[in-house]
Amino acid sequence: MKLNNKCKFEITPVPPFDFELTVKKPAGWTLFNSGEIFHDGTLWTASRIQNRLVGLKLRSIGTVSKPRIRVALFTAKPLMNTEKTDLKALLMKLIGAEQDLREFYGMARKDKILKHVIEDLYGMHDTQSSYLFNSVVLSICLQMARMDRSMKMMGAITRSFGDKVEFDGKTIVAEPSAEKIARLNPRHFAKKCNLGYRAKYIVEAAKKIVSGFPDIVQVMSMSPDEARQKLTELPGVGDYAADIINPHGGFPIDAWSVDVFGKLFFGKEPEIARDAIEAVKSEGRKRWGKFAWMAFFYIAQDLRNLSKHLGIELRLQ
DNA sequence: GCGTCCAGGTCTACC
DNA sequence: GGTAGACCTGGACGC
(Lines give C-alpha, C1' and ligand atoms only; values in the text may rest on other atoms or scores of the structure.)
Protein backbone atom coordinates (compact mmCIF):
# COMPACT_ATOMS: atom_id res chain seq x y z
CA MET A 1 0.00 0.00 0.00
CA LYS A 2 1.35 3.42 -0.93
CA LEU A 3 0.92 6.17 1.68
CA ASN A 4 1.19 9.25 -0.51
CA ASN A 5 -0.58 11.84 1.65
CA LYS A 6 1.73 13.69 3.98
CA CYS A 7 1.17 16.13 6.81
CA LYS A 8 3.83 17.70 9.01
CA PHE A 9 3.88 19.03 12.56
CA GLU A 10 6.19 19.43 15.54
CA ILE A 11 6.08 17.97 19.03
CA THR A 12 7.71 19.56 22.08
CA PRO A 13 8.19 16.83 24.74
CA VAL A 14 8.55 17.47 28.46
CA PRO A 15 12.31 17.61 29.22
CA PRO A 16 14.53 15.80 29.82
CA PHE A 17 13.77 13.81 26.66
CA ASP A 18 16.47 11.79 24.87
CA PHE A 19 15.04 11.12 21.40
CA GLU A 20 17.30 8.20 20.45
CA LEU A 21 17.01 6.38 23.80
CA THR A 22 13.22 6.80 23.68
CA VAL A 23 12.50 5.60 20.13
CA LYS A 24 15.26 2.97 19.93
CA LYS A 25 15.71 1.39 23.34
CA PRO A 26 19.16 0.00 24.33
CA ALA A 27 17.74 -3.51 24.89
CA GLY A 28 16.42 -3.56 21.32
CA TRP A 29 12.77 -2.74 22.05
CA THR A 30 11.37 -0.92 19.02
CA LEU A 31 8.84 1.92 19.12
CA PHE A 32 5.89 0.45 17.20
CA ASN A 33 7.18 -2.07 14.70
CA SER A 34 9.97 -4.67 14.43
CA GLY A 35 10.73 -3.56 10.85
CA GLU A 36 11.23 0.12 11.59
CA ILE A 37 14.35 1.91 10.36
CA PHE A 38 16.58 4.19 12.46
CA HIS A 39 19.33 6.01 10.61
CA ASP A 40 21.31 9.13 11.39
CA GLY A 41 18.91 10.40 14.06
CA THR A 42 15.73 9.73 12.06
CA LEU A 43 13.15 7.02 12.65
CA TRP A 44 10.84 5.64 9.95
CA THR A 45 8.09 3.41 11.28
CA ALA A 46 4.60 2.23 10.40
CA SER A 47 1.70 1.17 12.54
CA ARG A 48 -2.04 1.06 13.00
CA ILE A 49 -3.19 4.11 14.88
CA GLN A 50 -6.93 4.43 15.48
CA ASN A 51 -7.50 1.58 12.97
CA ARG A 52 -5.65 3.46 10.23
CA LEU A 53 -2.35 2.36 8.68
CA VAL A 54 0.09 5.25 8.98
CA GLY A 55 3.73 5.81 8.11
CA LEU A 56 5.78 8.04 10.38
CA LYS A 57 9.07 9.86 10.01
CA LEU A 58 10.36 11.28 13.29
CA ARG A 59 13.45 13.44 13.60
CA SER A 60 14.88 15.22 16.62
CA ILE A 61 15.57 18.91 16.04
CA GLY A 62 16.25 19.73 19.69
CA THR A 63 18.33 18.54 22.62
CA VAL A 64 17.70 16.48 25.75
CA SER A 65 17.05 19.62 27.80
CA LYS A 66 15.16 21.49 25.02
CA PRO A 67 13.57 18.69 23.01
CA ARG A 68 11.67 19.16 19.75
CA ILE A 69 10.61 16.51 17.27
CA ARG A 70 9.68 17.09 13.63
CA VAL A 71 7.00 14.63 12.52
CA ALA A 72 5.91 13.70 9.01
CA LEU A 73 2.79 11.54 8.97
CA PHE A 74 1.86 9.55 5.85
CA THR A 75 -1.60 8.12 5.10
CA ALA A 76 -3.40 6.51 2.15
CA LYS A 77 -6.18 9.11 2.16
CA PRO A 78 -5.92 12.82 3.02
CA LEU A 79 -6.71 13.67 6.63
CA MET A 80 -9.23 16.25 7.80
CA ASN A 81 -7.96 18.87 10.24
CA THR A 82 -9.72 17.25 13.20
CA GLU A 83 -8.15 13.89 12.32
CA LYS A 84 -4.70 15.51 12.19
CA THR A 85 -5.28 17.11 15.61
CA ASP A 86 -6.44 13.80 17.09
CA LEU A 87 -3.51 11.87 15.64
CA LYS A 88 -1.01 14.44 16.89
CA ALA A 89 -2.48 14.29 20.41
CA LEU A 90 -2.39 10.50 20.42
CA LEU A 91 1.13 10.34 19.03
CA MET A 92 2.32 12.61 21.85
CA LYS A 93 0.91 10.13 24.36
CA LEU A 94 2.35 7.11 22.52
CA ILE A 95 5.92 8.43 22.38
CA GLY A 96 5.77 9.53 26.02
CA ALA A 97 6.16 13.24 25.14
CA GLU A 98 3.85 14.31 27.98
CA GLN A 99 5.55 12.11 30.57
CA ASP A 100 7.21 14.10 33.37
CA LEU A 101 10.14 12.09 34.73
CA ARG A 102 10.96 14.41 37.65
CA GLU A 103 9.01 12.56 40.37
CA PHE A 104 10.39 9.17 39.30
CA TYR A 105 13.92 10.54 39.14
CA GLY A 106 13.48 12.12 42.59
CA MET A 107 12.66 8.72 44.07
CA ALA A 108 15.24 6.87 41.96
CA ARG A 109 18.17 9.10 43.05
CA LYS A 110 17.72 7.78 46.61
CA ASP A 111 17.53 4.11 45.54
CA LYS A 112 20.79 2.12 45.50
CA ILE A 113 19.83 0.27 42.29
CA LEU A 114 17.91 2.91 40.34
CA LYS A 115 20.40 5.74 40.91
CA HIS A 116 22.69 4.03 38.37
CA VAL A 117 20.13 3.36 35.64
CA ILE A 118 18.65 6.85 35.60
CA GLU A 119 22.13 8.25 35.15
CA ASP A 120 22.94 5.85 32.31
CA LEU A 121 19.62 6.42 30.55
CA TYR A 122 18.88 10.03 31.46
CA GLY A 123 15.94 11.33 29.44
CA MET A 124 14.57 7.96 28.24
CA HIS A 125 10.76 8.11 28.21
CA ASP A 126 8.40 5.15 28.33
CA THR A 127 6.44 4.67 25.10
CA GLN A 128 3.17 2.86 24.35
CA SER A 129 2.13 0.39 21.69
CA SER A 130 -0.18 2.05 19.18
CA TYR A 131 -2.18 -1.11 18.49
CA LEU A 132 -3.50 -3.32 21.27
CA PHE A 133 -3.57 -6.50 19.18
CA ASN A 134 0.15 -6.21 18.46
CA SER A 135 0.92 -6.19 22.19
CA VAL A 136 -1.36 -9.19 22.68
CA VAL A 137 0.52 -11.15 20.00
CA LEU A 138 3.86 -10.21 21.60
CA SER A 139 2.78 -11.22 25.10
CA ILE A 140 1.48 -14.59 23.90
CA CYS A 141 4.61 -15.29 21.84
CA LEU A 142 6.76 -14.61 24.91
CA GLN A 143 5.09 -17.40 26.83
CA MET A 144 6.96 -20.68 27.37
CA ALA A 145 9.67 -19.90 24.87
CA ARG A 146 13.17 -18.49 24.87
CA MET A 147 13.59 -15.00 23.48
CA ASP A 148 15.04 -16.12 20.14
CA ARG A 149 12.08 -18.39 19.48
CA SER A 150 9.61 -15.66 20.51
CA MET A 151 11.23 -13.30 18.01
CA LYS A 152 11.06 -15.97 15.27
CA MET A 153 7.35 -16.48 15.90
CA MET A 154 6.67 -12.72 15.82
CA GLY A 155 8.74 -12.36 12.66
CA ALA A 156 6.88 -15.20 10.93
CA ILE A 157 3.49 -13.66 11.80
CA THR A 158 4.48 -10.24 10.44
CA ARG A 159 6.13 -11.69 7.29
CA SER A 160 3.18 -13.94 6.51
CA PHE A 161 0.25 -11.69 7.41
CA GLY A 162 1.58 -8.14 7.83
CA ASP A 163 0.86 -5.23 5.48
CA LYS A 164 3.63 -3.71 3.39
CA VAL A 165 3.49 0.09 3.28
CA GLU A 166 5.57 2.48 1.17
CA PHE A 167 6.23 6.10 2.11
CA ASP A 168 9.08 8.61 1.95
CA GLY A 169 11.13 6.19 -0.18
CA LYS A 170 11.00 3.48 2.50
CA THR A 171 9.13 0.16 2.64
CA ILE A 172 8.07 -1.20 6.03
CA VAL A 173 5.93 -4.22 6.89
CA ALA A 174 3.36 -3.23 9.50
CA GLU A 175 1.98 -5.73 11.97
CA PRO A 176 -1.11 -7.70 10.82
CA SER A 177 -4.58 -6.51 11.70
CA ALA A 178 -6.78 -8.37 14.19
CA GLU A 179 -9.39 -8.62 11.41
CA LYS A 180 -7.02 -10.62 9.19
CA ILE A 181 -5.84 -12.96 11.97
CA ALA A 182 -9.42 -13.53 13.23
CA ARG A 183 -10.26 -15.15 9.89
CA LEU A 184 -7.43 -17.73 10.08
CA ASN A 185 -7.70 -21.43 10.83
CA PRO A 186 -5.66 -21.88 14.07
CA ARG A 187 -4.10 -25.14 12.85
CA HIS A 188 -2.86 -23.64 9.60
CA PHE A 189 -1.73 -20.51 11.43
CA ALA A 190 0.20 -22.61 13.98
CA LYS A 191 1.93 -24.61 11.26
CA LYS A 192 2.85 -21.60 9.12
CA CYS A 193 4.37 -19.59 11.99
CA ASN A 194 5.53 -22.43 14.34
CA LEU A 195 3.26 -21.11 17.07
CA GLY A 196 2.14 -24.38 18.62
CA TYR A 197 -0.73 -24.05 21.10
CA ARG A 198 -0.37 -20.23 21.04
CA ALA A 199 -2.09 -20.01 17.62
CA LYS A 200 -5.56 -20.66 18.98
CA TYR A 201 -5.08 -18.06 21.73
CA ILE A 202 -4.00 -15.43 19.19
CA VAL A 203 -6.91 -16.19 16.83
CA GLU A 204 -9.44 -16.17 19.69
CA ALA A 205 -8.01 -12.90 21.07
CA ALA A 206 -8.22 -11.39 17.56
CA LYS A 207 -11.89 -12.40 17.32
CA LYS A 208 -12.62 -10.80 20.67
CA ILE A 209 -10.84 -7.58 19.68
CA VAL A 210 -12.70 -7.42 16.36
CA SER A 211 -16.02 -7.92 18.12
CA GLY A 212 -15.68 -4.69 20.12
CA PHE A 213 -13.03 -5.12 22.82
CA PRO A 214 -11.74 -1.70 24.05
CA ASP A 215 -8.89 -0.30 21.92
CA ILE A 216 -5.59 1.02 23.29
CA VAL A 217 -6.99 4.54 23.83
CA GLN A 218 -9.93 3.20 25.84
CA VAL A 219 -7.64 0.95 27.90
CA MET A 220 -5.39 3.96 28.58
CA SER A 221 -8.39 5.85 29.96
CA MET A 222 -9.16 3.09 32.50
CA SER A 223 -7.58 2.91 35.97
CA PRO A 224 -4.49 0.64 36.10
CA ASP A 225 -6.36 -2.14 37.95
CA GLU A 226 -9.43 -1.87 35.73
CA ALA A 227 -7.23 -2.06 32.62
CA ARG A 228 -5.38 -5.08 33.96
CA GLN A 229 -8.63 -6.86 34.83
CA LYS A 230 -10.09 -6.12 31.40
CA LEU A 231 -7.01 -7.38 29.57
CA THR A 232 -7.16 -10.76 31.33
CA GLU A 233 -10.54 -11.31 29.64
CA LEU A 234 -8.62 -11.90 26.41
CA PRO A 235 -7.85 -15.58 25.69
CA GLY A 236 -4.22 -16.44 26.46
CA VAL A 237 -3.73 -13.31 28.57
CA GLY A 238 -3.03 -14.05 32.22
CA ASP A 239 -1.25 -12.06 34.96
CA TYR A 240 2.10 -11.87 33.18
CA ALA A 241 0.73 -11.01 29.73
CA ALA A 242 -1.60 -8.36 31.18
CA ASP A 243 1.38 -6.70 32.90
CA ILE A 244 3.17 -6.52 29.54
CA ILE A 245 0.18 -5.15 27.61
CA ASN A 246 -1.14 -2.75 30.26
CA PRO A 247 -0.36 0.82 29.09
CA HIS A 248 -0.34 1.89 32.77
CA GLY A 249 2.58 -0.47 33.35
CA GLY A 250 2.71 -3.54 35.56
CA PHE A 251 5.60 -5.49 37.04
CA PRO A 252 5.88 -8.38 34.55
CA ILE A 253 8.01 -10.91 36.41
CA ASP A 254 8.58 -14.14 34.51
CA ALA A 255 11.07 -17.01 34.54
CA TRP A 256 13.84 -14.71 33.19
CA SER A 257 13.23 -11.51 35.15
CA VAL A 258 12.68 -13.41 38.41
CA ASP A 259 16.39 -14.37 38.26
CA VAL A 260 17.48 -10.76 37.60
CA PHE A 261 15.28 -9.14 40.25
CA GLY A 262 15.82 -12.04 42.70
CA LYS A 263 19.55 -11.26 42.51
CA LEU A 264 18.99 -7.50 42.83
CA PHE A 265 16.61 -7.82 45.82
CA PHE A 266 17.95 -10.83 47.71
CA GLY A 267 21.51 -11.24 46.40
CA LYS A 268 20.91 -14.57 44.66
CA GLU A 269 18.83 -16.17 41.92
CA PRO A 270 15.90 -18.21 43.29
CA GLU A 271 16.38 -21.99 43.28
CA ILE A 272 13.01 -22.62 41.64
CA ALA A 273 12.25 -19.62 39.45
CA ARG A 274 8.48 -20.08 39.02
CA ASP A 275 7.90 -20.51 42.74
CA ALA A 276 9.66 -17.19 43.47
CA ILE A 277 7.67 -15.02 41.01
CA GLU A 278 5.05 -13.84 43.52
CA ALA A 279 7.66 -13.01 46.19
CA VAL A 280 9.74 -10.97 43.73
CA LYS A 281 6.67 -9.13 42.39
CA SER A 282 5.60 -8.29 45.91
CA GLU A 283 9.09 -6.99 46.83
CA GLY A 284 9.23 -4.84 43.69
CA ARG A 285 5.86 -3.25 44.39
CA LYS A 286 6.81 -2.70 48.04
CA ARG A 287 10.10 -0.96 47.13
CA TRP A 288 8.96 1.11 44.20
CA GLY A 289 5.17 1.39 44.51
CA LYS A 290 3.62 3.32 41.63
CA PHE A 291 7.04 3.50 39.95
CA ALA A 292 7.46 -0.31 39.78
CA TRP A 293 6.97 -0.37 36.02
CA MET A 294 9.39 2.52 35.38
CA ALA A 295 11.96 0.78 37.59
CA PHE A 296 11.49 -2.49 35.66
CA PHE A 297 11.67 -0.64 32.34
CA TYR A 298 14.89 1.25 33.15
CA ILE A 299 16.61 -1.83 34.64
CA ALA A 300 15.66 -4.02 31.67
CA GLN A 301 17.27 -1.50 29.30
CA ASP A 302 20.49 -1.17 31.31
CA LEU A 303 21.42 -4.69 32.49
CA ARG A 304 24.96 -4.70 31.11
CA ASN A 305 25.91 -1.38 32.75
CA LEU A 306 24.07 -2.23 35.96
CA SER A 307 26.06 -5.47 36.26
CA LYS A 308 29.26 -3.39 36.18
CA HIS A 309 27.97 -0.73 38.61
CA LEU A 310 26.89 -3.29 41.21
CA GLY A 311 29.63 -5.85 40.58
CA ILE A 312 27.18 -8.71 40.05
CA GLU A 313 26.36 -10.75 36.97
CA LEU A 314 22.83 -10.16 35.68
CA ARG A 315 21.38 -12.46 33.02
CA LEU A 316 20.87 -10.52 29.79
CA GLN A 317 17.72 -10.89 27.71
C1' DG B 1 22.51 -38.96 15.12
C1' DC B 2 19.01 -39.78 18.68
C1' DG B 3 16.33 -39.30 22.90
C1' DT B 4 15.17 -36.42 26.69
C1' DC B 5 14.36 -32.25 29.00
C1' DC B 6 12.51 -27.85 29.56
C1' DA B 7 11.53 -22.89 28.69
C1' DG B 8 9.86 -14.71 29.38
C1' DG B 9 2.42 -18.95 31.13
C1' DT B 10 -2.31 -20.05 30.64
C1' DC B 11 -6.21 -22.81 30.87
C1' DT B 12 -9.00 -26.48 32.51
C1' DA B 13 -10.49 -30.46 34.74
C1' DC B 14 -10.39 -32.30 38.92
C1' DC B 15 -10.60 -32.44 43.99
C1' DG C 1 -10.29 -22.00 45.71
C1' DG C 2 -6.21 -24.55 44.77
C1' DT C 3 -3.57 -27.39 42.12
C1' DA C 4 -1.73 -30.85 38.87
C1' DG C 5 -1.26 -31.65 34.07
C1' DA C 6 -1.55 -30.58 29.24
C1' DC C 7 -0.10 -27.71 25.72
C1' DC C 8 3.77 -26.76 20.61
C1' DT C 9 8.29 -26.35 19.37
C1' DG C 10 13.16 -26.23 19.08
C1' DG C 11 17.64 -25.77 21.21
C1' DA C 12 20.77 -27.69 24.69
C1' DC C 13 22.61 -31.55 26.54
C1' DG C 14 24.12 -36.31 27.37
C1' DC C 15 25.01 -40.56 25.33
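**Close-up 1. Asp-40 in the loop between strand E2 and strand E3.** In this predicted model, strand E2 covers residues 37-39 and strand E3 covers residues 42-49, with Asp-40 sitting in the loop that joins them. Take a look at its backbone: phi is positive here, about 50 degrees, although Asp-40 is not a glycine. Is the residue buried or exposed? Asp-40 is exposed, as its relative accessible area of 61% is over the 50% cut-off.

**Close-up 2. Asn-194 in the loop between helix H8 and helix H9.** Here the loop runs between two helices, H8 (186-193) and H9 (198-210), and Asn-194 is part of it. Asn-194 isn't a glycine either, yet its phi is positive, at about 50 degrees. With a relative accessible area of 54%, Asn-194 counts as exposed.

**Close-up 3. A cis peptide bond between Pro-15 and Pro-16.** Zoom in on the link from Pro-15 to Pro-16 and you'll find a cis peptide bond, its omega near -5 degrees. Where does Pro-16 sit? You'll find Pro-16 in the loop that follows strand E1 (5-11) and leads to helix H1 (19-23).

**Close-up 4. The protein surface around DNA strand B.** Altogether, 22 residues surround DNA strand B, and the closest of them are Leu-142, Met-147, Gly-236, Gly-238 and Ala-241. Which helix gives the most to this surface? That's helix H12 (residues 239-245), with 3 residues. Sorted by class, the surface holds 13 nonpolar, 4 polar and 5 charged residues. On the DNA side, sugar or phosphate accounts for 53% of the strand B atoms within 4 Å of the protein, and bases make up the rest.

**Close-up 5. Polar contacts with DNA strand B.** Gly-236 uses its backbone here: one of its N or O atoms is 2.9 Å from a phosphate oxygen of DNA strand B. Asp-239 also takes part through its backbone, with an N or O atom 3.5 Å from a phosphate oxygen of the strand. Tyr-201 brings in its side chain instead, where an N or O atom lies 3.4 Å from a sugar or linking oxygen of DNA strand B.

**Close-up 6. The second largest pocket.** This pocket holds about 750 Å³ of space. Its lining has 29 residues, and those closest to the centre are Gln-99, Gln-128, Pro-247, His-248 and Gly-249. Which helices supply at least two residues each to the lining? They are helix H2 (81-94), helix H11 (224-231) and helix H15 (292-301). The lining is a mix, with 12 nonpolar, 8 polar and 9 charged residues.

Note on methods:
Residues numbered from 1 in each chain as written. Chains lettered and ligands numbered in written order. Predicted model: local features only at pLDDT ≥ 70, side-chain atom pairs only at ≥ 80, totals over all residues. Heavy atoms only, no water. Helix = DSSP H or I, 4+ residues; strand = E, 2+ residues; numbered from the N terminus. Buried < 20%, exposed > 50% of the residue type's maximum accessible area, 1.4 Å probe, protein only. Near = heavy atom within 4 Å. Polar contact = N/O pair within 3.5 Å; in protein donor to acceptor, adjacent residues only side chain to side chain. Nonpolar A, V, L, I, M, F, W, Y, C, P; charged D, E, K, R; others polar. 1 Å grid on protein atoms, 1.4 Å probe; cavity = no way out; pocket = protein on both sides within 12 Å on 5 of 7 lines; lining within 4 Å. Points joined across faces, edges and corners; volume = space filled by probe spheres on them.
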